[in-house]
Amino acid sequence: MEMQRPRCPRPPGEPRWVAMFHEPARDSWTVGAQSPYRAPVLYAVDDMTRTARARGDEVTVALWGPEDGAWHLFDTPSAKAPAPAPQRPVPGSPEPARLAERMTDRRHQVLMAGLGKAGLYDLGPEDDEAVRTLADRLDEPTVRRVAHWLAEAGGQR
């Protein structure tokens with residue numbers, strides 16, 4: 001028997017990519033991730049879904065995004081299928097490389113969020129490459145500081 005997903009309200013504001021998570025205890029929806037770009041939101045949904053399921057929580061996600069200039073509710077395939085049980089890494093496995101890749105992706109996401117808060121949404125391939133280069137070279141605290149500066153600059157308008 002398949003459970004029906006609770007109705008998710010449309011997020012406020014201009015259309016952008018927004019992942020809404022349902023909280024059954026309060027029967028409410030909260031924003032889990034948002035960005036002008038779909039990829040960082042899907043990455044966050046995957047990561048948050050995996051974490052919640054690892055704790056034994058049920059996960060219900062609604063993905064809202066822009067379509068033809070208006071809000072549209074999209075399917076969230078990663079939230080439908082249960083994640084496989086995590087396996088312990090074998091000693092000497094490439095797990096540290098995977099962790100380094102995830103941390104670089106996380107730093108990239110933080111920088112992109114900072115740029116979005118600064119009002120820089122329409123970035124080209126050269127800009128994305130520059131952000132990736134920064135994410136590769138900077139540590140997490142420095143990336144967070146730069147993102148904070150960008151957010152502050154965006155709020156000064």
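Modeller: Let's start with a term: a nonpolar core is a set of buried Ala, Val, Leu, Ile, Met, Phe, Trp, Tyr and Cys residues joined through side-chain atoms within 4.5 Å. Please keep in mind that this is a predicted model.

Biologist: Happy to. Which residues make up the largest nonpolar core?

Modeller: There are twelve residues in all: W17, A19, F21, A33, V41, A44, V45, A52, V59, V61, L63 and F74. At least two of them come from each of strand 1, helix 1 (38-54) and strand 3. Helix 1 gives the most, with four residues. A second core, separate from this one, has eight residues, including L111, M112, V131 and A147.

Biologist: How do you know that W17 and F74 are buried or exposed?

Modeller: The cut-off for buried is under 20% relative accessible area. W17 has 10%, so it is buried. F74 has 16% and is therefore buried as well. Across the chain of 157 residues, 28% count as buried.

Biologist: How many aromatic pairs does the structure hold?

Modeller: It holds two. In one of them, the ring centres of W17 and F74 are 5.0 Å apart, with their planes at 40°. This pair links distant parts of the chain, since W17 is in strand 1 and F74 is in strand 4 (residues 70-74), 57 residues apart.

Biologist: Why is the pair of W17 and F74 called tilted?

Modeller: Planes under 30 degrees apart would be stacked and over 60 edge-to-face. At 40° the pair falls into neither class, so it is tilted.

Biologist: And what makes the pair of W64 and W71 edge-to-face?

Modeller: Their planes are at 85°, and the class needs over 60, so the name fits. The centres are 6.2 Å apart, and the limit for a pair is 6.5 Å. Both W64 and W71 are buried.

Biologist: Back to F74: which residue lies over its face?

Modeller: That is R38, at 5.2 Å from the ring centre. The distance limit is 6 Å, so R38 meets that part of the test.

Biologist: How do you know that strand 3 and strand 4 pair?

Modeller: Two bridges are needed at the least. Strand 3 (residues 61-67) and strand 4 have five, and they run antiparallel. W64 stands opposite L73 in strand 4. The two strands form a hairpin with two residues between them, and D68 in the turn has a positive phi of about 55°.

Biologist: What about H22 in strand 1: why is the contact with D27 called polar?

Modeller: The side chains of H22 and D27 are joined at 3.1 Å, and the limit for such N or O atoms is 3.5 Å, so the pair qualifies. H22 has a relative accessible area of 12%, so it is buried. Beyond its neighbours within four places in sequence, H22 is in contact with P6, D27, S28, W29 and T60.

Biologist: Why is A151 called partly exposed?

Modeller: Partly exposed lies between the 20% and 50% cut-offs, and A151 has 25%, so that is its class. A151 is found in helix 5 (residues 140-155). Its C-alpha lies 5.2 Å from that of A118, although the two are 33 residues apart in sequence. Leaving aside neighbours within four places, A151 is in contact with G114 and K117.

Biologist: To finish, in what order do the elements run?

Modeller: From the N terminus, the order is β-β-α-β-β-α-α-α-α, which comes to five helices and four strands.

How values were computed. Residues are numbered from 1 along each chain as its sequence is written. This is a predicted model: local features need pLDDT of at least 70, side-chain atom pairs count only at pLDDT 80 or more; totals for chains, interfaces and linings use all residues. Side-chain values use heavy atoms; hydrogens and water are left out. Buried means under 20% relative accessible area, exposed over 50%, partly exposed in between (1.4 Å probe, protein chains only). A polar contact is a pair of N or O atoms within 3.5 Å; within protein, one must be able to donate a hydrogen and the other to accept it, and residues adjacent in sequence count only if both atoms are side-chain atoms. Contact means heavy atoms within 4.5 Å. Rings of Phe, Tyr and Trp (its six-membered ring) pair if their centres lie within 6.5 Å; planes under 30 degrees apart count as stacked, over 60 as edge-to-face and the rest as tilted. A charge sits over a ring if NZ of Lys or CZ of Arg is within 6 Å of the ring centre and within 35 degrees of the ring normal.
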